[in-house]
Amino acid sequence: MGKPLIAGNWKMHGTAESARNLATQLSHHKFQENAVEMIIFPPLVHISAVSDVLANSRISLGAQNVSQYPNGAYTGEVSAEMLVDQGCKYVLVGHSERRVVFGESDQTVAEKFRAAQNAGLIPILCVGESLKQRQQDATFEVVAKQISAVIDLVGLDKVCQSVIAYEPIWAIGTGETASPEQAQDVHAAIRTQLGEAGRLTTLLYGGSVNKGNAAELFKQPDINGGLVGGASLEADEFLNIAQLVEA
Ligand code: PEP
């Protein structure tokens with residue numbers, strides 16, 4: 001069983017002040033000794049402010065994106081080393097909004113994954129199918145191909161040391177969630193693809209998770225926690241969801 005995690009992707013929301021406030025509210029929560037690891041992913045420009053707030057808390061910090069390049073003339077980009085320098089432990093790679101809106105290919109995602117791991121970050125590799133692909137019964141093939149692209153570049157063992165988040169695109173920010181059975185089926189297929197080396201890899205579900213649907217999703221045998229967007233922007237809701245991840 002993978003290590004239980006709950007991750008909050010704040011996307012492109014909030015000011016420095018609201019980011020600090022939200023991080024402060026979360027950091028005041030008294031986590032139990034064996035509670036899940038909580039990770040928050042603020043917008044890049046607020047990373048430093050949030051890092052200060054989280055300094056003595058048990059909440060981990062992550063970034064929503066990273067450059068595939070280590071340094072140099074890449075205007076507007078931020079390297080994995082810079083994220084480590086700011087206190088990040090995790091980074092999202094291959095979020096569907098990066099793939100769809102910003103045209104990141106499987107190859108680019110794989111290169112970002114490699115750059116993150118080389119700098120000591122733990123990548124959370126996001127994979128998932130579009131509605132059309134699900135309707136065409138291509139879900140398993142699409143997800144397997146997205147994961148294979150990373151395995152081809154860095155090797156199976158390295159992928160097994162990361163976190164994989166299954167996030168059906170049709171469920172992200174839509175209020176429509178994969179049923180627990182649909183989600184479990186894809187998670188089981190990912191577990192099978194990773195083989196023995198992936199027995200302990202953390203697999204997350206993401207896509208309109210809220211406190212009403214989280215319990216059933218997190219009960220599934222191959223789901224080790226969640227990647228939460230909208231519902232992570234409100235401290236009480238996010239903490240309620242976190243408590244539903246079985247540690
Ligand atoms: C996400 O951004 O990864 C996500 C799952 O968003 P939401 O929970 O809002 O669907």
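**Exercise 1.** Does alanine 171 count as buried or exposed, and at what relative accessibility?

*Solution.* Bear in mind that this is a predicted model.
- Start with the location: alanine 171 sits in the loop that links strand 6 (163-166) to helix 9 (180-194).
- Now check the cut-off: a residue is buried when its relative accessible area is under 20%.
- Alanine 171 comes in at 0% relative accessibility, so it counts as buried.
- Who touches it? Setting aside neighbours within four places in sequence, alanine 171 is in contact with Glu176, Thr177, Ala178, Tyr205, Gly207 and Ser208.
- For a distance to try in your viewer, take phenylalanine 140: its C-alpha atom is 16 Å from that of alanine 171, with the two positions 31 residues apart along the chain.

**Exercise 2.** Work out where methionine 1 is placed, and whether it counts as buried or exposed.

*Solution.*
- Methionine 1 belongs to the segment before strand 1 (5-9).
- The cut-off for exposed is over 50%. Methionine 1 has 57% relative accessibility and therefore counts as exposed.
- Exposed or not, methionine 1 has contacts: leaving out residues up to four places away in sequence, it touches Arg199, Leu200, Asn224 and Glu246.
- Finish with proline 221, which is 220 residues from methionine 1 along the chain, though their C-alpha atoms are separated by 8.2 Å.

**Exercise 3.** Find the residues around the ligand and pick out its polar contacts.

*Solution.*
- There are 14 residues around the ligand, and Lys11, Glu167, Gly173, Ser208 and Gly229 come nearest.
- Sort the shell by type and you get four nonpolar, eight polar and two charged residues.
- Next, look at ligand oxygen atoms. One lies 3.1 Å from a polar side-chain atom of asparagine 9.
- Backbone atoms take part too: a polar one of serine 208 is 2.8 Å from a ligand oxygen atom, and a polar one of glycine 230 is 2.8 Å from a ligand oxygen atom.
- As for cover, the ligand taken alone exposes 300 Å², of which the protein buries 96%.

**Exercise 4.** Which residues touch the most other members of the largest nonpolar core?

*Solution.*
- Begin with the background: nonpolar side chains tend to be buried together in soluble globular proteins.
- Here the largest nonpolar core has 60 residues, and Ile6, Leu26, Ile147 and Ile190 touch the most other members.
- Zoom in on isoleucine 6. Beyond four places in sequence, its contacts include Val36, Met38, Phe218, Val228, Phe238 and Val245.
- Don't stop there: a second, separate core has 12 residues, among them Ala7, Ile39, Phe41 and Val163.

Note on methods:
Residues numbered from 1 in each chain as written. Predicted model: local features only at pLDDT ≥ 70, side-chain atom pairs only at ≥ 80, totals over all residues. Heavy atoms only, no water. Helix = DSSP H or I, 4+ residues; strand = E, 2+ residues; numbered from the N terminus. Buried < 20%, exposed > 50% of the residue type's maximum accessible area, 1.4 Å probe, protein only. Contact = heavy atoms within 4.5 Å. Near = heavy atom within 4 Å. Polar contact = N/O pair within 3.5 Å; in protein donor to acceptor, adjacent residues only side chain to side chain. Areas by Shrake-Rupley, 256 points an atom, 1.4 Å probe, with all protein chains shown as cover. Nonpolar A, V, L, I, M, F, W, Y, C, P; charged D, E, K, R; others polar. Core = buried A, V, L, I, M, F, W, Y, C linked by side-chain atoms within 4.5 Å.
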